[in-house]
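User: Hey, I'm new to this one. Can you walk me through it?
Analyst: Sure, let's pull it up and start with the empty spaces.

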Amino acid sequence: MKIRKIAGALGAELSGIDLAGGLSAGQAAEVRQALLDHQVIFIKGQKLDPAQYLAFAQAMGEPIEYPFVRGLEGYPTIIEVKKLEHETSNFGGIWHSDTAYLREPPMGSMLLSREIPPYGGDTLFANQYLAYESLSATMRGVLEGLVGINSSAQADVSKTREDRIRSDGRDAAPVEYVAEHPVVRTHPETGRRALYVNVAHTVGIKGMSKEEAAPLLQFLFQHQVRPEFTCRFAWEPDTIAFWDNRCTQHNPVNDYHGFRRVMHRITLKGDRPA
């Protein structure tokens, strides 16, 4: 297996592996270490059926169901992330860390490209280790011990889910999930600290009024996605992107109106942020 960095902040492309035949324990450990080292990894040229895709995910962690959208027939942990030709909103089309509104947010998520537009539809990723480490010592002290309040009902991100909930929604999905997590979390495997708020889900800070929390959160939302903390990935058919949800954010660029974009997504079980 070869690893090639794609940007200074985060992101690497893996080559020399064929996921269709499955991974040995040693290969799986190498891929998992690449994820920890680079935070998001990309593997091109993987023509996988749902069973093969699920097998790769199971080698990386424990797949779980997404709370709002039902999975493929026979594969409840694989959902379609799609924008159709007539739609103008894309799924998750805002900077975010996946489902931070859950008590145990996912360890990671992965997408497999099934249909891509002729141009556009790139995905941006942002390194939340760097976002935290670049703050002044004084600001890091301010954030120490603060707890963010995260909700699934934020208007902007809810709007990007509406088309998929109408077409593929789960019947029993609650109206809203709310969870409290540290503003700065410690990665359970690397021990590094990362910012863990995001504009899509973080609605307040515990113990602060909305007016008190707003300017601090607004600063963090802008700071954590500065260009020097990011990479941008241009999709090709049959490509997997796999990111560490505990220390990255992502944002799919919505610049391909009139074209179809279809991805298959698997989410992997995480633990409670600390």
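Analyst: One term before we start: a cavity is a set of grid points where a 1.4 Å probe fits but cannot get out, and its lining residues have an atom within 4 Å of a point. Also keep in mind that this is a predicted model.

User: Okay, so how many cavities of 30 Å³ or more does the structure hold?
Analyst: Three. The largest cavity has a volume of about 110 Å³.

User: Which residues line the largest cavity?
Analyst: The lining is made of Val81, Phe91, Gly92, His96, Leu111, Thr123, Trp243, His250, Pro252, Arg261 and Arg265. Two elements give two or more residues each: β15 (248–252) and β16. By class, five lining residues are nonpolar, four are polar and two are charged.

User: Let's stay with β16. Why is it described as largely enclosed by the rest of the structure?
Analyst: Because eight of its eight residues are buried. Arg261, Met263, Arg265 and Thr267 point one way from the strand, while Val262, His264, Ile266 and Leu268 point the other way.

User: Which strands does β16 pair with in the antiparallel sense?
Analyst: Strand β4 (residues 63–64) pairs with β16 that way over two bridges, β5 (residues 78–83) does so over six, and β6 over seven. For a few specific partners, Ile64 bridges to Thr267, Lys82 has Val262 as its bridge partner, and Glu115 stands opposite Val262.

User: Switching topic: how many residues are in the largest nonpolar core?
Analyst: It has 23 residues, and Phe56, Met110 and Phe242 have the most contacts inside it. Elements giving two or more residues are α1 (25–38), β3 (40–43), α2 (50–60), β6 (108–115), β14 (240–244) and β16 (261–268). The largest share, five residues, comes from α2.

User: And what does Phe242 touch?
Analyst: Leaving out residues up to four places away in sequence, its contacts include Leu35, Val40, Ile41, Phe56, Met60, Met110 and Leu268.

User: What about another core, apart from that one?
Analyst: There is one of 20 residues, among them Tyr66, Phe91, Tyr101 and Met263.

User: Last thing, what's the volume of the largest pocket?
Analyst: About 160 Å³. Its lining is Gln154, Thr202, Val203, Lys210, Ala213, Ala214, Leu217, Gln218 and Phe221.

User: Which element gives the largest share of that pocket's lining?
Analyst: That's α6, with six residues. By class, the pocket lining has five nonpolar, three polar and one charged residues.

Conventions
Residues numbered from 1 in each chain as written. Predicted model: local features only at pLDDT ≥ 70, side-chain atom pairs only at ≥ 80, totals over all residues. Heavy atoms only, no water. 1 Å grid on protein atoms, 1.4 Å probe; cavity = no way out; pocket = protein on both sides within 12 Å on 5 of 7 lines; lining within 4 Å. Points joined across faces, edges and corners; volume = space filled by probe spheres on them. Helix = DSSP H or I, 4+ residues; strand = E, 2+ residues; numbered from the N terminus. Nonpolar A, V, L, I, M, F, W, Y, C, P; charged D, E, K, R; others polar. Core = buried A, V, L, I, M, F, W, Y, C linked by side-chain atoms within 4.5 Å. Buried < 20%, exposed > 50% of the residue type's maximum accessible area, 1.4 Å probe, protein only. Contact = heavy atoms within 4.5 Å. Pairing = 2+ DSSP bridges.
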